[in-house]
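Me: Please look closely at one part of this model: the interior, and what packs there. I would like one connected account rather than a list.

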Amino acid sequence: MKLENLSISLEVYQNESELSDDDQQLLARAAEQLKYAYAPYSRFRVGAALLLANGEIITGNNVENAAYPMCLCAEQTAMGAAASRFPDVPIVSLAVTVRNEAKLIDTPAGPCGACRQIISEAEDRHRQKISIIMRGESGPVFKLQSAKDLLPVSFSGTFLP
Ligand code: THU
């Protein structure tokens, strides 16, 4: 048996002002989007914003449903909007932030497993890495350079005919 050690580089910013202007602006757009979250069941709001290679910013928010499994994540609504409005334009970065109406979240909440798969496919489709910027309602900002850092040993279209 041979042991492969996988490592990821997680950038940790204690203060948002350490981020690039583009990243700060994207995070601000994600935070602005929290007000549009439809989260009457979980009371957990999620806002997302995508920066596209053509400079467009596409936003998304979670949209819940009384049939719980039908809930849409903020990342999914943003990725879906980008794929329908600008199908051929690569995504440069994704910012995600959250607000729990019941308690302060002061650590970044990473995208769920299903969203990681969707972001990973968008990278493969456009052959361009998507950096991922995460923040709680307050506290540090985490940044990763690629969806593959969130989803190592992943499934992809390369396995399919
Ligand atoms: N949610 C997201 O929007 N993104 C994630 O990556 C994790 C979870 C939403 C779905 C649901 O509306 C609420 O957060 C609680 O799970």
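Reply: Contact here means heavy atoms within 4.5 Å. The model is predicted. By that criterion, and leaving aside neighbours within four places in sequence, Leu94 is in contact with Leu26, Ala48, Ala49, Leu50, Glu75, Ile119, Ile130, Ser131, Ile132 and Ile133.

Leu94 is a useful starting point for the core. The largest nonpolar core has 24 residues, and those that touch the most other members are Leu50, Leu52, Ile91, Leu94, Ile119 and Ile132. At least two residues of this core come from each of S2, H2, S4, helix H3 (113-126) and S5. There is also a second, separate core, with 11 residues, including Tyr13, Leu19, Leu26 and Ala49. Leu26 and Ala49 belong to this second core, yet both are on the contact list of Leu94, a residue of the largest core.

Next comes the sheet. Its 6 strands form an open arrangement with mixed pairing, in the order S1-S6-S5-S4-S2-S3. Strand S1 (11-13) and strand S3 (57-61) are the edge strands, each pairing on one side only. On average, and with direction ignored, neighbouring strands of the sheet are turned by 15° against each other. At the S1 edge, the pairing with strand S6 (residues 141-144) is antiparallel and has 3 bridges. Within that pair, Glu11 has Lys143 of S6 as its bridge partner. S4 and S5, by contrast, run parallel and are joined by 5 bridges. Ser93 has Ser131 of S5 as its bridge partner, and Ser131 is also one of the contacts of Leu94.

How many residues of S5 are buried? The strand is mostly covered, with 5 of its 5 residues buried. The cover is on both faces: Ser131, Ile133 and Arg135 are buried on one side, and Ile132 and Met134 on the other. Of these, Ile132 is among the core residues that touch the most other members.

Part of the packing comes from helices. Helix H1 (residues 21-32) lies across strand S2 (44-52), S3, strand S4 (91-100), strand S5 (131-135) and S6, and it runs at about 45° to S4. Helix H3 contains His126. Since its relative accessible area is 17%, under the 20% limit, His126 counts as buried. Beyond residues up to four places away in sequence, His126 touches Pro87, Asp88, Val89, Pro90 and Ile91. Ile91 in turn is one of the core residues listed above.

The last stop is the loop between S3 and helix H2 (74-85), where Asn62 lies. An unreviewed UniProt entry places a "binding site" feature at Asn62, Val63, Glu64, Asn65, Ala66, Ala67 and Tyr68. From this set, the lining of the largest pocket takes in Asn62 and Glu64. Is Asn62 buried or exposed? Its relative accessible area is 6%, so Asn62 is buried. With residues up to four places away in sequence not counted, Asn62 touches Ala37, Tyr38, Ala39, Phe44, Arg45, Val46, Leu72, Cys73 and Ala74. Tyr68 is found in the loop between S3 and H2 as well, but it is exposed because its relative accessible area of 56% is over the 50% limit.

Terms used:
Residues are numbered from 1 along each chain as its sequence is written. This is a predicted model: local features need pLDDT of at least 70, side-chain atom pairs count only at pLDDT 80 or more; totals for chains, interfaces and linings use all residues. Side-chain values use heavy atoms; hydrogens and water are left out. Two strands pair if DSSP finds at least two bridges between them. Helices (H or I, at least four residues) and strands (E, at least two) are DSSP runs, numbered from the N terminus. Axes are lines fitted to C-alpha atoms, for helices over the stretch in contact, and angles run from 0 to 180 degrees between N-to-C directions. UniProt positions are given in the numbering used here, feature names are shortened, and annotations may be inferred rather than shown by experiment. On a 1 Å grid over the protein atoms alone, a cavity is a set of points where a 1.4 Å probe fits but cannot get out, and a pocket is an open set with protein on both sides within 12 Å along at least five of seven lines; lining residues have an atom within 4 Å of a point. Buried means under 20% relative accessible area, exposed over 50%, partly exposed in between (1.4 Å probe, protein chains only). A nonpolar core is a set of buried Ala, Val, Leu, Ile, Met, Phe, Trp, Tyr and Cys residues joined through side-chain atoms within 4.5 Å.
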